[in-house]
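Colleague: Hi, could you walk me through this one before I set anything up? I'd like to go through it bit by bit.

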Amino acid sequence: MSDFQPQWLATMTGSLPVVDPEEAWGLVLQHFPEIPAWPQLPRRAFLENMYVQYSERFPGIVLEDERIYVDRTQELDPALESLYVAYLENDREHGGVSPEYAAALSMLLEGKVKFPRSPVALKGQVTGPVSWGLTVVDQDRRPVLYDDVLGEAVAKHLRLKASWQECELCKLGAPTIIFVDEPYMTAYGSALVPLEREQVSALLEEVFAGISGLKGVHCCGNTDWSLLLSTSVDILNVDAYEYADALLLYPEELGAFLERGGVVAWGIVPTGAQAGSESAPSLVRRLEGILDRFAAKGVPRDDLLRAGMVTPSCGLGSVPADTAERVLSLTAEDSAEMRRRYVQSSETQEE
């Protein structure tokens, strides 16, 4: 871990439901000036779908009729060799993301985003190997993660994507946070996803190894949190609005994670219809209640308070624009209130 102090700062998860990258950046900087996250814009183009966005140069990849798949009938050896050479030589450029695949990221890297103040950190994201490898299929609709050859290539491909992105963001002068987004971890352990624990851990660690700064993992549902907590991840992003009690099943693992300097980004703001019936005070009460339950399970409350961030529970690319704006606003308000209660007061006591 670095010297990063989370201090209940806020950031967002992935996507926004707008098509104009300038408008998207306006929303990001309005609500999250301390930790801006470049926004994915899936409504702008199919290429910004979270699986398509990181597909460039994967062996045999085909995009047609808004479908992504790998054509195993192609001669894949040259592309596989190119990937493995780039991986062995740590050739980050092989993992580059073209502007048409990520308009807002391109705008940022081209110096067209003006921060209102110096960020505490810049956040990026890449789709995780489990989710990418189970979603992207071959021509027979078999997930590529189950292919002996392609499955091994998935994590190496995404490692280069994460490494390139981190390197580019570092050029902007702020510390970086790269999230590995793993929505499909909700299916881990089910009969539908026959993956061994060691295999999942190895896939994640391969991608994490390409990230030299802070690395996070996001899962917007229930999963085996002990698996994620046992990896080298620095920031755990959980949908705390719906699934905090699932994480509560692992108090010892969470305590050990916090003790080694881990951070929990609490996705306390719902991204669905519930956002309309919640307020910043109601969500702060909900979050404090969650912290109370963890403390009752033996997780030191001071550790929880020292290691907290605030986020929406999930990405916003599929929700109505007005809902997205409300979620962003609630997230920023919750962060401000948690900071008022627990950061400023602690700083005053230290003085």
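Colleague: Let's start with a cysteine. What is the relative accessibility of Cys220, and does that count as buried, partly exposed or exposed?

Modeller: Cys220 counts as partly exposed, at 23% relative accessibility. The classes are buried for under 20% relative accessible area, exposed for over 50%, and partly exposed in between (1.4 Å probe, protein chains only). Before we go on, this is a predicted model, where local features need pLDDT of at least 70 and side-chain atom pairs count only at pLDDT 80 or more, while totals for chains, interfaces and linings use all residues. Residues are numbered from 1 along each chain as its sequence is written, and side-chain values use heavy atoms, with hydrogens and water left out.

Colleague: Thanks. How many disulfides are there?

Modeller: The count is zero disulfides, where a disulfide is a pair of cysteine sulfur atoms within 2.5 Å. Cys220 is in no disulfide, with the nearest cysteine sulfur, in Cys314, 3.3 Å away.

Colleague: And why is Cys167 without a bond to another cysteine?

Modeller: Because the closest cysteine sulfur, that of Cys170, is 6.8 Å from the sulfur of Cys167, which is too far for a bond. Cys167 is partly exposed too, with a relative accessible area of 28%.

Colleague: OK, charges next. How many salt bridges do you count?

Modeller: The count is 16 salt bridges, taking a salt bridge as a side-chain nitrogen of Lys or Arg within 4 Å of a carboxyl oxygen of Asp or Glu. One of them pairs Glu206 with Arg159, with 2.7 Å between the closest N and O atoms.

Colleague: Where do those two residues sit?

Modeller: Glu206 is in helix 6 (residues 197–208) and Arg159 is in helix 5 (residues 148–170), so the salt bridge ties together parts that are 47 residues apart in sequence. Helices here are DSSP runs (H or I, at least four residues), as are strands (E, at least two), and they are numbered from the N terminus. Glu206 is buried at a relative accessible area of 17%, whereas Arg159 is partly exposed at 22%.

Colleague: What does Arg197 pair with?

Modeller: Arg197 forms a salt bridge with Asp224, and the closest N and O atoms are 2.9 Å apart. Arg197 belongs to helix 6, while Asp224 is in the loop between strand 6 (214–219) and helix 7 (225–229), so to speak a link between distant parts of the chain, 27 residues apart. Arg197 is partly exposed, with a relative accessible area of 30%, and Asp224 counts as buried at 18% relative accessibility.

Colleague: Which residue does Lys215 meet in a salt bridge?

Modeller: Lys215 meets Asp234, at 3.7 Å from N to O. Lys215 is in strand 6 and Asp234 is in the loop between helix 7 and strand 7 (235–238), so parts that are 19 residues apart in sequence are tied together. Lys215 counts as buried at 11% relative accessibility, and Asp234 counts as buried at 5%. Elsewhere, Glu288, Glu337, Arg340 and Arg341 are joined into one network by salt bridges that share partners.

Colleague: Good. Which residues form the negative surface patch?

Modeller: Asp20, Glu22, Glu23, Asp322 and Glu325 form it. Patch residues have over 30% relative accessible area and no salt bridge, with like charges joined within 9 Å and nonpolar side chains (Val, Leu, Ile, Met, Phe, Trp, Tyr) within 5 Å. Helix 1 (21–31) and helix 12 (321–350) are the elements that give two or more residues to the patch. Glu325 is found in helix 12 and is partly exposed, with a relative accessible area of 40%.

Colleague: Switching to backbone: what is phi of Trp8 near?

Modeller: Phi of Trp8 is near 60°, a positive value in a residue other than glycine. Most residues other than glycine have a negative phi. Trp8 lies in the segment before helix 1 and counts as buried, at 0% relative accessibility.

Colleague: And where is Glu66?

Modeller: Glu66 is in the loop between strand 1 and strand 2 (67–70). Phi of Glu66 is positive as well, near 55°, and Glu66 counts as exposed, at 63% relative accessibility.

Colleague: Last one: how far apart are Gln53 and Val97?

Modeller: They are 7.5 Å apart in space, C-alpha to C-alpha, and 44 residues apart in sequence. Gln53 lies in the loop between helix 1 and strand 1 (61–64), and Gln53 is buried, with a relative accessible area of 0%.

Note on methods:
Accessible areas come from the Shrake-Rupley method with a 1.4 Å probe; for residues, only the protein chains shown count as cover. Lys and Arg count as positive and Asp and Glu as negative; His and the chain ends are not counted. The place of a charge is taken as NZ of Lys, CZ of Arg, CG of Asp or CD of Glu.
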